[in-house]
Amino acid sequence: MDETIKAPALLWTPTRAGKTPLDDYRRHVNRRYYQNLRTTRDLHRWSVEQAQDFWVDLYDYLGLKPRLPKGMTRAYDDTVPMSSNPPFFPGLKMNYAENALFANPDPDAIALVGIREGMDLANEDGEQVTWREYREKVRLTASALRRSGVRQGDRVAALVATSIWAMVLFHASAAIGAIFTSISPELGLEGCVARLQQVTPRILFADSDTVYKGKTVETKAKVQQTLDRLKPQPKTYIVPVASKPTAYPLIDDLLAKADPADPLVFAPTSFNDPLAICYSSGTTGAPKCIVHRHGMIMNLKKISAIHNSTTTADVILQYSSTSWVVFYVMCGYTACGAKTILYNGSPMYPDAKQLLRMVEKYKVTYFGTSPRYLLEVEMSNTIPKREFDLSSLRILYTTGATLSPQQYHWFYSVAFPPHVHLCNTAGGTDTATSLVAADPCGPIHAGEMQIFALGMDVDVADPNTGESILASGEAGEMIVRKPFPSMPCFFWGDAGNKKYKESYFERFANSDVWAQHDWLSCNPKTDGLVMHGRSDGVLNPSGIRFGSGEIYAIVEAAPYNTRISNSLCVGRRRPNDTDEEVFLFLVMSPPHQLTPQFRANVKAGIRNALSARHVPKYVLEVPGIPVTINGKKVETAVKQVLGGKDVTPSNTVLNPETIGYFSRFRDLESEPRGTKL
């Protein structure tokens, strides 16, 4: 163990220790399996060492239907390699929608609240749908889909924003055994085509308009151009948003095909049958079509009900586009019977306070957002606890990026009530669940995530040997050593599962383990977890390996974030270079510019916080940082450009025009003396 590692500041201790659903489950395991597990870490250790018992027990504990057959003691075949993707609960027939639509026993309780950008939150409540009405919408839509010829295994595509209709279409598709796929309507034409051409939907739904950052834009032309390039062309229906489209039939025309007498019934899908298709956020090449199974509800409910203590009394605000797997994660909270706020619009319009207004108005208990959003709130000089009533808020959940230590300090010392559980987590589109999750029974230290999710046999591996270095405190490859029930079924169109195995199981020649391609370390003093960025973006100047996240934690925190609005840290190693050189690109907040003095200040800050070996050789101002449609920084493509490659950005890049700008730095050998290159 590295003796120089210290315990960071303790910022939060449990307010309901011993009284959480996680405590309840730990005591349940102790009783049933004659254990003496005292902490969440003890419970996690048991859940991965006794994986078969854990997954079998968890299925019934979550109340999933139907019950497991009596005598079933094994969840999956653990005699075969993990890379063979062994099915869970083979032979079990279960349907996602049946397990999600009856979670609240009160049919008149509010299930969904639809909000659209521009709504006057002071005077409007949004569209509210009870559980009874929600099930009726799903029943009619499922009937209409069946009577339109949609069969089990057909793809139902939705070019729709986060909304009540998005939820209804997903659950109706699941009910009939069709495979749902959603794409946020603001995605560009090529992005839509690249996805839909691969999955060939039988039917397509599209919002009539996109609503974002104060602009309403009709989608008619994009829908037509998309259909022109799809063979065969799907039957298309429009979901009215703002305009009154006439080119295609409306979703009400589809509902007219429903038989009012058709009951809400569920296709006899298996635990492992395809449920939904998500798309990778790879920044070059065609997106991978990642197919998830009906059984992923097990991990969704595990996180929401056990780790995050969700009940029918909760109100959920999880900001996400429908292009992101977090949309399905949000559905997992609805599947616990909670009220869910569905927001179609920008989190930054009319300003950074908009989501906070919703937290106050709807008495939100769970607020899911991103570290970037919290940074925007901080940069706007907003102090949420002074401007809003946040007394209802129990947990604030962030994912998609690392939350810096400074942001933890800002959260607790300045911005939010001290009782709120701040949780930074890690998972992915590939896992459809958290690998690193919340522990309401454990403390929070600045800059550290809390615990590996139950049942997930996560480890930190030496990047060369694949052996565990978790206890050393060193950073390494984040891997999973045992199967889990939300592994993708397969990639759509991937013959022989070639790309599937390349993506997850070929990182180590002698270890059959799932590689998440993230760079992780565990603090041996606290057992807290620190994400250092993507492992394919690990920086390695002169053999010193560190993650870009360590640099972002400094330059995107005070005092620098009053001048810096965004940053990107990557390495350059051209074919003839003997070593890697680190570049730090900064987008300055107007009217600030990158002066020689401020560049020196940034380098000094990195040197003081980390070491001289962490200081980038080049610190440069750029007009923009490329990001994916989910807001993640695009490091790999920029690194390739610096190394001399000509890169064609994928359609997951929100601002692809920014990538080409970095080619001017391929031959740079010294920093400019002025403010700009």
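**Notebook: rings, cores and cysteines**

I began with charges over rings and found that the charged end of R664 sits over the ring of Y661, 3.6 Å from its centre. I treated this, like every entry below, as a reading from a predicted model. I then noted K137, whose charged end sits over the ring of W165 at 5.8 Å from the ring centre.

**Aromatic pairs**

I searched the whole structure for aromatic pairs and obtained 42. One that I looked up is formed by W410 and F416, which are edge-to-face, with 6.3 Å from centre to centre and 80° between the planes. I checked both partners for burial: W410 has a relative accessible area of 7% and is buried, and F416, at 1%, is buried also.

I next asked how the rings of Y504 and W514 are arranged. Their centres lie 3.9 Å apart and their planes meet at 10°, so I entered the pair as stacked. I placed Y504 in helix α15 (residues 498-504) and W514 in strand β24 (residues 514-522), so this pair ties together parts that are 10 residues apart in sequence. I recorded both Y504 and W514 as buried.

I also traced one aromatic cluster, formed by Y25, Y33, W46, F54, W55, Y59, Y61, Y76, F88, F89 and F271.

**Nonpolar cores**

I turned to the largest nonpolar core and found 119 residues in it. The residues with the most contacts inside this core are W55, Y59, F89, Y134, F205, M298 and W514. I asked which element gives the largest share of the core. Helix α5 (residues 164-176) does, with 11 residues. I noted that W55, Y59 and F89 appear in the aromatic cluster too, and that W514 belongs to the stacked pair with Y504.

I followed F205 further and listed what it touches, leaving aside residues up to four places away in sequence. Its contacts are L145, V156, A157, A158, L159, V160, L169, Y237, I251 and L254.

I found a second, separate core of 39 residues, with L539, V555, L586 and L620 among its members.

**Helix α16**

I examined helix α16 (residues 548-555) and found it mostly covered, with 8 of its 8 residues buried. I wrote these down as S548, G549, E550, I551, Y552, A553, I554 and V555. I then asked which elements the buried residues of α16 pack against. They pack against the helices α14 (405-415) and α17 (596-609), and against the strands β25 (529-534), β26 (564-572) and β27 (581-588). V555 of this helix is also listed in the second core.

**Cysteines**

I looked for disulfides and counted 0. I asked why C289 has no bond to C278. The sulfur of C278 is the closest cysteine sulfur to that of C289, yet it is 10 Å away, which is too far for a bond; a disulfide would need the two sulfur atoms within 2.5 Å. I recorded C289 as buried, at 1% relative accessibility. C441 is likewise in no disulfide, and the nearest cysteine sulfur, in C423, is 12 Å away. I entered C441 as partly exposed, at 22% relative accessibility.

**An annotated span**

I consulted the UniProt record, an unreviewed entry, and found the annotation "transmembrane region" on residues 156-180. I compared this with the model: the end C-alpha atoms of residues 156-180 lie 5 Å apart, and the span is 52% helix and 24% strand.

Note on methods. Residues numbered from 1 in each chain as written. Predicted model: local features only at pLDDT ≥ 70, side-chain atom pairs only at ≥ 80, totals over all residues. Heavy atoms only, no water. Phe/Tyr/Trp six-rings, centres within 6.5 Å; stacked < 30°, edge-to-face > 60°. Buried < 20%, exposed > 50% of the residue type's maximum accessible area, 1.4 Å probe, protein only. Helix = DSSP H or I, 4+ residues; strand = E, 2+ residues; numbered from the N terminus. Lys NZ or Arg CZ within 6 Å of the ring centre and 35° of its normal. Core = buried A, V, L, I, M, F, W, Y, C linked by side-chain atoms within 4.5 Å. Contact = heavy atoms within 4.5 Å. UniProt positions renumbered as here; feature names shortened; annotations may be inferred.
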